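New notebook page, new structure. I want to look up a few things and jot down what turns up.

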Amino acid sequence: MSEQDFIERELKELAGLIGRLQRGELKRPEFRSHSVHLGVYTQQQPDRYFARIRVPLGILTSAQLNALGDATARWADDECHLTTRQGVEIHNLTLDGMLEALAALAKVGLSSHESGGNTVRGIVVCPHAGQKETEPFDVTEHAALVNRHFLRHPDFQSLPRKIKIGFSCCNEDCAHTLLQDLGFQARTDGSGQRGFRVLVGGGAGALPRLGRELFDFLPAKDLLIFTEAFLRMFNRLGDRQNRRRSRVKFLVESPGLERLREEVLKEWDALKTAGKKWPSVEPSSRRSVGDSLSSVRVSVSGGNLTSSQLRRLAALIEQRALTVRITPEQGFLLRDIRPDQLSSVKTA
């Protein structure tokens, strides 16, 4: 099935849930328990809902920005919200408005699927990836590979709790890998082989933890098989009885980091024995620093945007052939700005 086919199937699933709620076959709490894996949540107001839109790698096109602007103006009280996971939320939707908004966004390839629930959430990647002089390599395609593999993966639709993954490419750790369940920091070994330092068990919230090092070097070619082994370990050992202690950070405390490493390696061995081929990212050449283009950060107060602001941004990047990524700080990074464009972009 194509991505569009998947999205249409998910919209039909949501339409069925909404129909059951409207007919009184489901109460609102029951509806929410079924709809969160589709990225749809109830609000405090009895007739309002919000959707969390997954934006792979935080990269938005001008068409997607315009579609978000149209959906925001028509169905969401003219406001949308950027998230710390480089996604977008639209609030104050009615049930009918929810379906119409998501159907409109589906036409430009945006979906809310697995932006909620006990799944692999949207993967955070450094918005500067591919541009920093100090980065060992561009982590963008590695993050994209993981995103493609685990989105809708049938084995990981009901994990003990959500899993948050991040990829950083430099010492600044723009993707906050220390606060992810599973963090990957790009590095190379003595022979120049590409890989990652792997951190596990980070998290913010009421009981914050910094991630601990599980491996000091994971070859990039083993990224997918390792991540699947890790998720299989979590699926097996994660606490399904006590929600408050069901995140990875509590497994790091007990049974402990060494036991986790042993269990991940056990799952890894089982996957290798199965003989499956695991795709990887082909190394690409770094662009010349002399050819580097500029980037400009755009701050967004509280992460909140109106439809007119979204459309202005869409026009800006289309007219100047720029790219844009949402940042984990709930703003935007405008990229690929030529020297002759820099002044006008800053004042736009």
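**Entry 1: cysteines**

How many disulfides does a search of the whole structure find? I got zero. A reminder to myself before going on: this is a predicted model.

I still wanted to know about particular cysteines, beginning with C170. Its closest cysteine sulfur belongs to C169, and at 4.3 Å that is too far for a bond. I count a disulfide only when two cysteine sulfur atoms are within 2.5 Å, so this pair does not make the list. C170 is buried, at 13% relative accessible area.

Next I looked up C174. This cysteine is in no disulfide either, and its nearest cysteine sulfur is that of C126, 3.8 Å away. C174 is buried too, with a relative accessible area of 12%.

**Entry 2: nonpolar cores**

I turned to the inside. In soluble globular proteins, nonpolar side chains tend to be buried together. Which residues touch the most other members of the largest nonpolar core? They are F167, F184, F226 and F230, in a core of 49 residues.

I then checked which elements feed this core. Those giving two or more residues are helices α5 (140–150), α6 (223–237) and α7 (248–274), along with strands β7 (165–168), β8 (182–188), β9 (194–200) and β10 (212–219). The largest share is that of α6, with nine residues.

There is another core, lying apart from that one. I noted 48 residues for it, including L14, Y49, A76 and L95.

**Entry 3: a nonpolar patch outside**

On the surface I found a nonpolar patch made by L178, L179 and L210, about 260 Å² in area. L210 sits in the loop between β9 and β10. Is L210 buried or exposed? L210 is exposed, at 58% relative accessible area.

**Entry 4: sheets**

I followed one open sheet across its five strands and wrote down the order β1-β2-β5-β4-β12, paired antiparallel. Its edges are β1 (40–42) and β12 (304–305), each of which pairs on one side only.

Inside this sheet I looked at two pairings. Strand β2 (residues 49–53) runs antiparallel to β5, with four bridges joining them. There, Y49 stands opposite L93 of β5. I had already met Y49 as a member of the 48-residue core.

Strands β4 (residues 80–82) and β5 (residues 88–93) also pair antiparallel, over three bridges. Here L82 is the residue opposite V88 in β5. The hairpin of β4 and β5 has five residues between the strands, and Q86 in this hairpin takes a positive phi near 60°.

Then I traced another open sheet of five strands, β6-β7-β8-β9-β10, with mixed pairing. The edge strands are β6 (124–125) and β10, which each pair on one side only. β6 and β7 run parallel and are joined by two bridges. V125 stands opposite F167 in β7, and F167 is one of the residues noted above for touching the most other members of the largest core.

**Entry 5: salt bridges**

How many salt bridges does the count come to? The total is 24. I picked out a few that link distant parts of the chain.

E3 and R152 meet through their side chains, 2.9 Å from N to O. E3 is in helix α1 (residues 3–22) and R152 in the loop between α5 and β7, which puts them 149 residues apart. E3 is partly exposed at 37% relative accessible area, whereas R152 counts as buried at 15%.

E100 pairs with R74, and their closest N and O atoms are 3.9 Å apart. The cut-off is within 4 Å, so this pair counts. The two lie 26 residues apart, E100 in helix α4 (residues 95–106) and R74 in helix α3 (residues 62–75). E100 is partly exposed, at 39%, and R74 is exposed, at 60%.

E329 forms a salt bridge with R297, with the closest N and O atoms 3.4 Å apart. E329 is in the loop between β13 (323–326) and β14 (332–337), R297 is in strand β11 (residues 294–298), and 32 residues separate them. E329 is partly exposed, at 42% relative accessible area, and R297 is partly exposed, at 42%.

Last thing I wrote down: R236, R259, E263, K266 and E267 are joined into one network by salt bridges that share partners.

Note on methods:
Residues are numbered from 1 along each chain as its sequence is written. This is a predicted model: local features need pLDDT of at least 70, side-chain atom pairs count only at pLDDT 80 or more; totals for chains, interfaces and linings use all residues. Side-chain values use heavy atoms; hydrogens and water are left out. A nonpolar core is a set of buried Ala, Val, Leu, Ile, Met, Phe, Trp, Tyr and Cys residues joined through side-chain atoms within 4.5 Å. Buried means under 20% relative accessible area, exposed over 50%, partly exposed in between (1.4 Å probe, protein chains only). Patches are made of residues with over 30% relative accessible area and no salt bridge: like charges are joined within 9 Å, nonpolar side chains (Val, Leu, Ile, Met, Phe, Trp, Tyr) within 5 Å. Accessible areas come from the Shrake-Rupley method with a 1.4 Å probe; for residues, only the protein chains shown count as cover. Two strands pair if DSSP finds at least two bridges between them.
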